Each structure stands twice: as C-alpha cells, then as structure tokens.
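Subject: Structure handover and findings

Dear colleague,

Please find below the structure I promised to pass on to you. I should be grateful if you would keep it open while reading the notes that come after it.

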Amino acid sequence: MNALVPLLVTLPLIGAAIALVFGRRRRVQVAVSITTLTAVLAIAAVLLVVVDSGQPLAVAVGGWPIPFGIVLYVDRLAALLVVVSSVVLLAVLLFSVGQGAADGDEETPVSIFHPSYLILAAGIFNAFIAGDLFNLYVGFEILLVASYVLITLGGTESRIRAGIVYIVVSLVSSILFLASIAMIYGALGTVNMAQIAERMGELPQHVQLTLHLMLLLAFSIKAAVFPLSFWLPDSYPTAPAPVTAVFAGLLTKVGVYALIRTETQLFPDSNVNVLLLIVALATMIVGVLGAVAQAELKRILSFTLVSHVGYMVFGLAIATPAAIGATIYYMVHHIVVQTTLFLAVGLIERRAGSTSILKLKGLMRAAPVIAVLYFIPAVNLGGLPPFSGFIGKYSLFDAAAQVGTPLMMVLIVAGIVTSLLTLYALMRAWNLGFWREDDTEEPEVEARVEYLGNAPAAGIQTERRVIPRVMTAATAGMVAVTVALTVFAGPLYDMCTRIGDALLQPVQLVQLETQSGEVDQ
C-alpha cells in the first residue's frame, strides 16, 4: 500500500503535463483531468480504509532517510481530507467543463485552466500528506503558483487587482513560514514533524513560544483568521465561478489543516489556548457581521467563510479529543457545503444575470431547481437541524461545555449568535431573490434593505447565460454529498473521533518504506 502514497501527488502532476501538451485539444484535456482526479479519489479511498484499520503509512521518497529526504505521511486525517478534496475538485471540474462548453474560453481559458487546476490539486494533496514542514511549505507554494493563475483567468482589471493582493499576502505568509522552518531546523536539526514533536520539549519555553507563534501567524494568514482575513472577501468573488468555489472550499482549509497539525502534534502542551479562543471569537463575530452588511451573494459567502473558520479555531482551542474530532467533522462539512453554495450562486448568476440580492427577483418561479440547490446547503451552513452543520456545531458546543470555563461559555453564545446571523444573511438572500415576485414592486421590502445600496457590488449586473445540464448536475451532486454528510453522520463522526484521539496521542516515528527497502529509524 505504501506504493500508492506518492501517486496522490504524482498523478495530478503527470496529468497537468499531459494537459499542457494537448493545450489545443479541449476534449483530451477534459478526459485527462477527469481521469486523473477519479484515480486519485479511488486511491485515497483505499488508503483511508487501510489506515483506518491499521497504522499510518509513511514513505521516504527516493530512499533518503529523515531528516534529509522527503517524507510522505498518510494517517486517517490526511486520507480523509484527500478523499473529500478529490470529491470537491472532481465536482467543480465537471461544473467548469459545462461552463467552458457553453462560454468557450472567455471565463476559463481551457488550455491554461486544466494544467493549472491539476497543479492546484497536486499542491493540496501534497500539503495534506506532507510528513515534514519543508514539504508542507512546498505544497503551499505549488498552491500559490496555481491559484494565482486561476484567480486571474480572463485578465480583467478586477481579477488582476485581486490576484496581486492575494499573491502579496500569500508571499508574506510564505516568508514567515520559511523563516519558522529555518529557526526550527537551526534549533532542532530536523524539519520532520515526528522528530520535531519528540525534540521540542528540549528547548527553553520562550524559544518554543516564539516558534509556536510564528507558525500560528503564517498559517492563520492562509486560513483567513481574523484580523488576517482582510484579503479574502475582495479576492475570491472576482474569480470565475468554479475557481471561486474550489478556493472557498479548500484553500483556507489547507491553512486550518496546518493549524491542526501544529496545535495537536508539534505543540501539544500549548499555552496559547486563551489567545486562540479570543481570536476564534473575533473571527466568528466580525466575519458574520461583514456578511450581514453585504448585498452581493459571493461577498456574503466570503464573509461567512471567514466566520466559520472561527468555529474550527474554537475547536482547536478547546484542545480535547472530543473537540478535535468535532473540529475535523465541521471542517469536512464546511469544505463540502461552502463549495456547493458557491456553485449554486454560479447558477444564479447565469440565470438572473446578477448576484446582487437587491436585483434578484422571482427565481422561485423561474428556476425552481436552482432554488432547491441553493436552499439545502444554505440552511445546512446556517446550522438548522438535522443537517451536518447543526451536528458539527452542537458537538463543538458540547465539548466546550464539558470544559465549562466562563470564556468557553462566551464562545458558545457567540457561536450560536454567529449561526443565527449566518442563517439570517442567507435566508434574506433567499427571500429577496427567490420569493420576491419579479413583476411586483414591494416598497416595504425595498425600504428594509435600502441600507445595502452602498454595499460593495450592490448594483452588479452581468448578462444572462444558458445553464448547461452538466453545471446543474455537478451542483446537484454536491448537494447530494451535503445530504450524505447528514445521513452518514454516525460513521463519519466516529472516524473523526478516532482521528481526534490519535492526534492528541504522543507522536511516534513511523517506520518508513523506500524504493530500496525499509529504513530503520
């Protein structure tokens, strides 16, 4: 099974090379991309079954022993996230294929899109299975290069501007991360995560705290944790619909994943939990208040994305096995639901020619299928029972209540308020865009939302376009996955609980397998 581990990264890279070679043959590129991601999904599913019933898998690439070689490490958490990411990437790819077939190369130039998309996938998978900090850094840099290309597709002024902001912020984060790696290597003589965990206790407390805070700062920028989330609401909405969907679902979660590894394995005896709780509180409240103040659907979802990262930081700060398990379940839920909502908004934009809730009207009658595809993930994200959003939030609140400190109680109240305001923002959009009749004037409604007239992109208007069946089918498939998170919540949550228990156990060096045989550590 160890031989399958490197394929998670090498297959997308090989697929990207083939797609680049066949840059003028759309069908070949589409076939290569779909085949590659399907193969990765199948391999990841097999690895998830293997590691869930046995030990983690570790491979030393090229036969180089640690700390000199690259180590790929697959445990339950890494395998689960690769499976979920593969599903999301495959669904968004199908959505983009439908969009490309209808629009040509205007929004997503196919010769550039497919190679960049597969490189993005390789970076995501590499980050999830990285066994050392430097390889995690490489994963982030692969993401950075590919995401800059994708976010600027079409070459419009707004996209170039958003891309510049995104690249500058990401480079700052990368510099901090690289400086942290250099300091850790200088202090401990290794960048392997298992060895770091073993040796970290040998360092003075103030040195540990410095290294800890630097990693937290670097990863918090990538995860869009307040106050380091200022770049996200202006960057994501400008990209094409499929790019925005995959960015919103996955890119910030790679940062959250790095925070999980940092807090549970590198610094298990953390003394910054109170700081994390305060940051989580600010992230939830500021993010959701930003969502309430927006009039454009993609900006609303971008701010809710920030606020819901706060729930994950909240779970990390509780730092109990139950809380870590709930955090991972909520992370999986959010990847799927947030991506689905952005895909649904992409359909709304094509059908209505706008994503401003001040301009949307009558979609319930005009597009009932889109209404359903928006409504289900919206109430899920808002945390209504019995959906997975409710299960994840309730589990986090229950874990916090078991700790029972006053600050935990404050966070529980803040989490409930954030959930209600999220539901309000999304259902207000539902009311205005779907229930409001297209051929009637409603002065009372107009008066109630008049304050949104000065919000960014409140008057946005584009042309109406045909919606290919593939786009609708891809979105419907993702809605089905969001429902599956609820239907199969028991087995999935049990797995997340096992992940939480394992992450808080002392880290053990896993025996590595190389191409030349086994290397004893």
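The notes below take up one helix, a cavity, some backbone details and the salt bridges. Please bear in mind throughout that this is a predicted model.

Helix α12

Helix α12 covers residues 297–318. At 1.5 Å a residue, its 22 residues should span 32 Å, and the end C-alpha atoms are indeed 32 Å apart, so the expected and computed values agree. Buried here stands for a relative accessible area under 20%. By that cut-off 22 of the 22 residues of α12 are buried, so the helix is largely enclosed by the rest of the structure. At the start of α12, a side-chain oxygen of Glu296 comes to within 3.2 Å of the backbone nitrogen of Lys298. At the other end, α12 is followed by Ala319, which has a positive phi.

The cavity

The structure holds one cavity of 30 Å³ or more. The largest cavity contains about 160 Å³ of space. Its lining is made up of 13 residues, and those nearest the centre are Phe140, Tyr166, Ser170, Lys222 and Leu251. Two or more lining residues come from each of α5 (133–151), α6 (157–188), α8 (205–223) and α10 (241–266). Of the elements, α5 gives the most, with four residues. By character, the lining of the largest cavity consists of nine nonpolar residues, three polar and one charged.

Backbone details

Most residues other than glycine have a negative phi, and most peptide bonds are trans. Four places in the model may therefore be worth viewing with that in mind.

- The peptide bond from Phe226 to Pro227 is cis, with omega near 5 degrees; Pro227 sits in the loop between α8 and α9 (232–235).
- The peptide bond from Pro385 to Pro386 is also cis, with omega near 5 degrees; Pro386 belongs to the loop between α15 (368–382) and α16 (388–403).
- Ala224, although not a glycine, has a positive phi of about 65 degrees. Ala224 is in the loop between α8 and α9, and it is buried, with a relative accessible area of 0%.
- Ala319 has a positive phi near 65 degrees and lies in the loop between α12 and α13 (321–352). Ala319 is partly exposed, at a relative accessible area of 33%.

Salt bridges

Side chains of opposite charge can pair when their charged atoms come close. The count for this structure comes to five salt bridges.

Helix α12 takes part through Arg299, which forms a salt bridge with Asp234, the closest N and O atoms being 2.8 Å apart. This pair links distant parts of the chain, with Asp234 in helix α9 and Arg299 in helix α12, 65 residues apart. Asp234 is partly exposed, with a relative accessible area of 46%, whereas Arg299 is buried, at 11%.

Lys298 forms a salt bridge with Glu349, with 3.6 Å between the closest N and O atoms. Glu349 lies in helix α13 and Lys298 in helix α12, so the pair ties together parts that are 51 residues apart in sequence. Both Glu349 and Lys298 are buried.

Arg76 and Asp52 also meet in a salt bridge, at 2.7 Å from N to O. Arg76 is in helix α3 (residues 76–103) and Asp52 in helix α2 (residues 26–53), 24 residues apart. Through shared partners, salt bridges join Asp52, Arg76 and Arg498 into one network.

With kind regards

Notes
Residues are numbered from 1 along each chain as its sequence is written. This is a predicted model: local features need pLDDT of at least 70, side-chain atom pairs count only at pLDDT 80 or more; totals for chains, interfaces and linings use all residues. Side-chain values use heavy atoms; hydrogens and water are left out. The expected span of a helix is 1.5 Å times one less than its number of residues. Buried means under 20% relative accessible area, exposed over 50%, partly exposed in between (1.4 Å probe, protein chains only). A polar contact is a pair of N or O atoms within 3.5 Å; within protein, one must be able to donate a hydrogen and the other to accept it, and residues adjacent in sequence count only if both atoms are side-chain atoms. On a 1 Å grid over the protein atoms alone, a cavity is a set of points where a 1.4 Å probe fits but cannot get out, and a pocket is an open set with protein on both sides within 12 Å along at least five of seven lines; lining residues have an atom within 4 Å of a point. Grid points are joined across faces, edges and corners, and a volume is the space filled by probe spheres set on the points. Ala, Val, Leu, Ile, Met, Phe, Trp, Tyr, Cys and Pro count as nonpolar, Asp, Glu, Lys and Arg as charged, and the others, Gly among them, as polar. A salt bridge is a side-chain nitrogen of Lys or Arg within 4 Å of a carboxyl oxygen of Asp or Glu.
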